[in-house]
Amino acid sequence: MRILTFAGSLRAGSFNRKLLNVAVETLRSRADIDLLDLREVAMPLYDGDLEEKEGLPEGARRFKARIAAADAILIATPEYNNSVPGPLKNAIDWASRPPDNPFKGKVVLLMGASPGQFGAVRGVLAVRLILTALSAIVIPQMGLIPRADQAFDEAGALKDPKSRNQVEKACAELLRVAAALTAPGPEAPR
Ligand SMILES: Cc1cc2nc3c(=O)[nH]c(=O)nc-3n(C[C@H](O)[C@H](O)[C@H](O)COP(=O)(O)O)c2cc1C
């Protein structure tokens, strides 16, 4: 089981990177983790003229390849103005361009952290809508961390046992669903 993981925030001190790290620690013994920093696959703003002239930018091609190589995906994202952060939306938009849609059939777990009281739930739900449109299988469980500025200890662990439990349960469900869906089974009708 190979899981691609990345945060929807680019900044080094991101709470969502911290959340991602907590989740990765719970997954590491049970899956191969590909820990991506979206900065590694930096890409310009989507521009149809650029795409027509030059095809997909290098960063977008590398992002698509990382998605394609994964069985499942874990994203921890903030919300910007109640919705999906621009850099994450831009990366998904480029990755969705033909010839292939690497999100199709991928099992996805979404998490979010925010210093506010809603734990980025509106951003997470916006990402769910986008990935569902791309035929990803986004599991219902989420890991949402409100008051993220106070949620982590010095070592980066979640202080609240309920939050830790929520993250662990969501990760376990990601593994369960991904294992079930990647197991050989009857061909779906086309
Ligand atoms: C453009 C912008 C819009 C934001 N809008 C929201 C918002 O709607 N809700 C919220 O809880 N926080 C909002 N924030 C605050 C972010 O949650 C906060 O900066 C958070 O630390 C970003 O996540 P990160 O720590 O992973 O980088 C916004 C921040 C930025 C830069």
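**Exercise 1. Find Arg147 in this predicted model and say which elements flank its loop. Is Arg147 buried, exposed or partly exposed?**

Start with the place: Arg147 sits in the loop between strand 5 (137-145) and helix 6. Next, look at the backbone. The phi of Arg147 is near 50°, a positive value in a residue other than glycine. For comparison, most residues other than glycine have a negative phi. Last, count neighbours: Arg147 has 15 other C-beta atoms within 10 Å, so it is partly exposed.

**Exercise 2. Now try Asn81: where does it lie, and what is its phi?**

Go to the loop between strand 3 (72-76) and helix 4, and you'll find Asn81 there. Its phi is positive, about 50°, although Asn81 is not a glycine. How does its surrounding look? Asn81 has 9 C-beta neighbours inside 10 Å. The cut-off for exposed is 12 or fewer, so Asn81 counts as exposed.

**Exercise 3. Which two residues does a cis peptide bond join?**

Look for Pro98 and Pro99: a cis peptide bond joins them, with omega at about 15°. To place it, note that Pro99 is in the loop between helix 4 (86-95) and strand 4 (107-113). As background, most peptide bonds are trans.

**Exercise 4. Work out how helix 1 and helix 6 cross.**

First, pick out the two helices: helix 1 covers residues 15-27 and helix 6 covers residues 161-182. Their axes come within 10 Å and cross at roughly 55°. That angle makes helix 1 oblique to helix 6. The crossing is right-handed.

Then ask who makes the contact. From helix 1 come Val22, Ala23, Thr26 and Leu27, and from helix 6 come Val167, Glu168 and Cys171. Sorted by class, the contact has 5 nonpolar, 1 polar and 1 charged residues.

**Exercise 5. Zoom in on Thr26: which residues does it touch beyond its sequence neighbours?**

Thr26 is in helix 1. Set aside the neighbours within four places in sequence, and Thr26 is in contact with Val167, Glu168 and Cys171. With 16 other C-beta atoms within 10 Å, Thr26 is partly exposed. Try one distance too: Thr26 and Ala113 are 87 residues apart in sequence and, C-alpha to C-alpha, 17 Å apart in space.

**Exercise 6. Which residues come nearest to the ligand?**

There are 15 residues around the ligand, and Ser9, Ser14, Asn16, Pro78 and Gly116 come nearest. Now sort the shell by class: 6 of its residues are nonpolar, 7 polar and 2 charged.

Note on methods
Residues numbered from 1 in each chain as written. Predicted model: local features only at pLDDT ≥ 70, side-chain atom pairs only at ≥ 80, totals over all residues. Near = placed C-beta within 6 Å. Nonpolar A, V, L, I, M, F, W, Y, C, P; charged D, E, K, R; others polar. Axes fitted to C-alpha atoms, helices over the stretch in contact; angles between N-to-C directions. Helix = DSSP H or I, 4+ residues; strand = E, 2+ residues; numbered from the N terminus. Parallel < 35°, antiparallel > 145°, perpendicular 65-115°, else oblique. Left-handed = near helix turned anticlockwise from the far one by under 90°. Contact = placed C-beta atoms within 7 Å. Buried ≥ 20, exposed ≤ 12 C-beta atoms within 10 Å, placed from the backbone.
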